[in-house]
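Visitor: I'd like to learn how to read this one feature by feature. Can you walk me through it?

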There are 2 protein chains.
Amino acid sequence: MKPAIQRVPRVGILLLSLGFSSMALAADPLPSWNDGAAKQSIVRFVEGVTREGSPDFVPVPERIATFDNDGTLWAEQPLYAQLFFLMDRVKAMAPQHPEWKTQEPFATVLKGDPRGITAGGEAGVAALLTATHSGMTTDEFSRSVSDWISTAKHPKTGQPFTAMVYKPMLELLDYLRANGFKTFIVSGGGIEFMRPWAEKVYGIPPEQVIGSSGGLQFGMKDGRPALTKLPNLVLNDDKEGKPVGIQRHIGRRPIAAFGNSDGDLQMLQWTCYAPGLRLCLFVHHTDGAREWAYDRTSHIGKLDQGLDEADVRDWTVVDMKKDWKKVFAFE
Amino acid sequence: MKPAIQRVPRVGILLLSLGFSSMALAADPLPSWNDGAAKQSIVRFVEGVTREGSPDFVPVPERIATFDNDGTLWAEQPLYAQLFFLMDRVKAMAPQHPEWKTQEPFATVLKGDPRGITAGGEAGVAALLTATHSGMTTDEFSRSVSDWISTAKHPKTGQPFTAMVYKPMLELLDYLRANGFKTFIVSGGGIEFMRPWAEKVYGIPPEQVIGSSGGLQFGMKDGRPALTKLPNLVLNDDKEGKPVGIQRHIGRRPIAAFGNSDGDLQMLQWTCYAPGLRLCLFVHHTDGAREWAYDRTSHIGKLDQGLDEADVRDWTVVDMKKDWKKVFAFE
């Protein structure tokens with residue numbers, strides 16, 4: 001309600017004191033969304049759960065909304081941003097690892113060829129992740145992420161990766177928070193990779209970022225306590241892992257969940273197979289001109305079972321091409 | 001600042017607009033605390049980190065405070081409350097397990113003898129935890145905790161366990177929150193054991209409760225998604241595990257930490273071995289009349305290294321007998 005009050009301070013406060021909702025006076029909270037079924041389903045849901053006395057009313061503490069990150073809040077093509085970070089880390093660390101010049105999968109990655117990441121299968125990915133994402137303290141890793149994200153550019157658009165976020169989704173985050181929601185990220189990406197910038201970019205503080213997580217070891221380092229990142233995985237926050245991450249970190253069910261791929265299906269099931277008004281939404285990548293067009297057969301962000309289930313269960317599917325006036329703020 | 005404004009609305013708003021802090025006008029926010037070094041250190045810390053322009057100022061999002069639970073927020077003698085819950089669960093489940101009548105450690109526990117819990121060593125405790133804390137869904141477990149906590153009585157005082165919370169600590173939680181702090185529980189106790197009642201008793205929502213956690217498995221059960229509790233431990237949230245839990249769940253360092261035993265020492269180190277104004281505090285159980293008196297040699301809540309380090313590093317040590325006017329609200 002704050003934005004509304006700021007816009008029309010006197011009238012807003014007056015009407016609030018008379019019991020009117022100030023939202024009715026506010027400018028459209030979702031200006032980058034075209035009017036259509038998707039936008040309507042969002043507004044209908046938010047108005048339903050916030051209307052006091054309505055059978056759909058949900059108290060503020062239970063207004064939990066969870067968002068996938070890659071492909072839902074920012075672009076995930078041609079590769080997840082974290083994989084570009086990984087490749088840049090391999091290059092930055094290479095001088096300390098002369099053996100990588102001939103050792104796969106490092107050698108291919110060092111040639112700038114992203115196929116090196118997956119060429120070695122799961123073992124190759126694990127070796128790359130272990131080398132670049134473990135062995136350092138959490139503070140050191142966080143600094144390397146912050147340094148990278150402030151300078152790295154997306155290979156297709158030349159924009160900073162943090163400009164590759166979807167404007168309509170930023171508006172949706174704001175709209176939900178203005179209506180008493182707590183917004184969480186629930187991503188297959190690394191928790192420590194997202195936290196250093198999620199607060200600035202999405203307004204989501206570190207304690208509301210859930211992601212795939214590795215082990216940590218506490219100990220003294222140069223007389224000060226430190227947490228060292230270990231290579232083992234304690235949460236694979238994808239598919240069945242998403243409801244697990246939600247329960248572990250939040251401890252109650254979301255009433256709204258947003259994803260874009262089959263990796264988000266279980267999170268949406270966990271959210272919407274429940275009594276009461278709920279919102280489950282898939283972002284469908286249909287805009288090959290402004291973004292990328294992909295779904296059932298994509299090797300990144302595959303959306304197949306999810307589309308079928310959305311159809312059966314009447315979940316919201318956003319058609320990026322039709323539903324979004326703007327995709328990126330820089331357009 | 002809200003309580004102050006509510007008490008003296010016009011003068012408070014006037015002074016606020018003149019730049020005065022409304023806290024000065026407020027009634028004592030810690031009425032159950034005697035004036036003394038402990039109370040002064042708390043107030044000095046809060047005033048320091050909230051004073052804009054001060055070198056000690058900390059922005060609201062970084063005002064993270066973490067509290068141990070057993071022995072810090074509520075009584076942990078003669079046994080952790082969760083162990084009374086465990087014994088009651090064994091009794092409740094016994095009809096489905098006739099073999100427990102002769103099988104240890106269950107047989108001893110069924111006789112009402114708490115020594116049964118530890119008599120079998122770690123393997124015995126693990127067997128009891130597996131039987132009572134895994135195999136059911138998170139919803140079922142949560143219900144069993146809620147049912148238990150609403151009826152069970154403390155064996156010494158006859159009070160509900162939720163009345164065994166320390167009034168001065170409830171005031172401290174409120175005081176910190178009124179000053180922009182986000183308060184978290186970081187306990188060796190089970191995360192799923194604390195969440196069903198922590199919001200009502202402490203004002204701490206489930207997503208701000210961190211505790212020892214077991215594995216979870218997502219699957220469909222009777223056509224609905226369910227999370228089943230597994231017997232494996234994914235976080236032993238004690239000692240070195242506390243900073244690990246803090247990083248995993250919160251992702252930034254607290255600026256204030258509160259404990260009562262050596263199990264909290266690493267959490268306090270992680271919090272206070274850092275530049276800037278910090279508050280680390282041990283509750284020292286010195287009141288054998290109103291509560292219990294124990295420290296260096298206790299088998300529950302042992303506080304030995306912690307006392308030494310608090311002395312060396314000038315951390316706050318609360319002498320329950322001298323510093324607290326009241327221990328429990330029911331006194």
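Guide: Sure, and let's begin where the chains meet. This is a predicted model, and in it 39 residues of chain A are in contact with 39 residues of chain B.

Visitor: How much area do chain A and chain B bury between them, and what share of it is on carbon and sulfur atoms?

Guide: About 3300 Å² is buried between chain A and chain B, with 56% of it on carbon and sulfur atoms. On the chain A side, the residues that lose the most area to chain B are Glu207(A), Phe218(A) and Arg248(A), and together they make up 21% of what that side buries.

Visitor: What about charges across the interface? How many salt bridges are there between chain A and chain B?

Guide: The general idea first: side chains of opposite charge can pair when their charged atoms come close. Here, the count between chain A and chain B is eight salt bridges. Searching the whole structure, over all chains, gives 36.

Visitor: Show me one of them. Which residue forms a salt bridge with Lys182(A)?

Guide: That's Glu207(B), and the closest N and O atoms of the pair are 2.8 Å apart. The pair crosses between chains: Lys182(A) sits in strand 2 of chain A, while Glu207(B) is in the loop between helix 10 and strand 3 of chain B.

Visitor: And how many residue pairs are in polar contact between chain A and chain B?

Guide: The count is 18 residue pairs, with both residues at pLDDT 80 or more. As for the elements of chain A that give two or more residues to the side touching chain B, they are helix 8 (138-149), strand 2 (182-190), helix 10 (191-202), strand 3 (209-221), strand 4 (224-235), helix 11 (241-249) and helix 12 (265-272). By residue class, that side of chain A divides into 20 nonpolar, eight polar and eleven charged.

Visitor: Next, empty space. How many cavities of 30 Å³ or more does the structure hold?

Guide: The general trick is that rolling a probe the size of a water molecule over the atoms shows where empty space is left. In this structure there are four cavities of 30 Å³ or more. The largest cavity has about 60 Å³ of space.

Visitor: Which residues line the largest cavity?

Guide: Both chains take part: Gln247(A) and Arg248(A) come from one, and the residues from the other include Ile191(B), Glu192(B), Arg195(B), Lys229(B) and Leu230(B). Elements giving two or more residues to this lining are helix 11 of chain A, together with helix 10 (191-202), strand 3 (209-221) and strand 4 (224-235) of chain B. Strand 3 of chain B gives the most, with four residues. The lining of the largest cavity divides into three nonpolar, four polar and four charged residues. You've met Arg248(A) already, among the residues of chain A that lose the most area to chain B.

Visitor: And which residues line the second largest cavity?

Guide: Its lining is made of Lys182, Phe184, Glu207 and Gln208 from chain A and from chain B. So much for names; the space in the second largest cavity is about 40 Å³. Its lining splits into two nonpolar, two polar and four charged residues. Lys182(A) and Glu207(B), which line this second largest cavity, are also the salt bridge pair from before.

Visitor: Last topic, the backbone. Where are there cis peptide bonds to look at?

Guide: One joins Glu104(A) and Pro105(A), with omega about 0 degrees. Pro105(A) is in the loop between helix 4 (81-93) and helix 5 (106-110) of chain A. Another joins Gln77(B) and Pro78(B), with omega about -5 degrees. Pro78(B) is in the loop between strand 1 (64-67) and helix 4 (81-93) of chain B.

Visitor: What is phi of Asp222(B) near?

Guide: Phi of Asp222(B) is near 50 degrees, a positive value in a residue other than glycine. To find Asp222(B), go to the loop between strand 3 and strand 4 of chain B.

Technical notes:
Residues numbered from 1 in each chain as written. Chains lettered and ligands numbered in written order. Predicted model: local features only at pLDDT ≥ 70, side-chain atom pairs only at ≥ 80, totals over all residues. Heavy atoms only, no water. Contact = heavy atoms within 4.5 Å. Buried area = accessible area lost by both parts, 1.4 Å probe. Salt bridge = Lys/Arg side-chain N within 4 Å of Asp/Glu carboxyl O. Polar contact = N/O pair within 3.5 Å; in protein donor to acceptor, adjacent residues only side chain to side chain. Nonpolar A, V, L, I, M, F, W, Y, C, P; charged D, E, K, R; others polar. 1 Å grid on protein atoms, 1.4 Å probe; cavity = no way out; pocket = protein on both sides within 12 Å on 5 of 7 lines; lining within 4 Å. Points joined across faces, edges and corners; volume = space filled by probe spheres on them.
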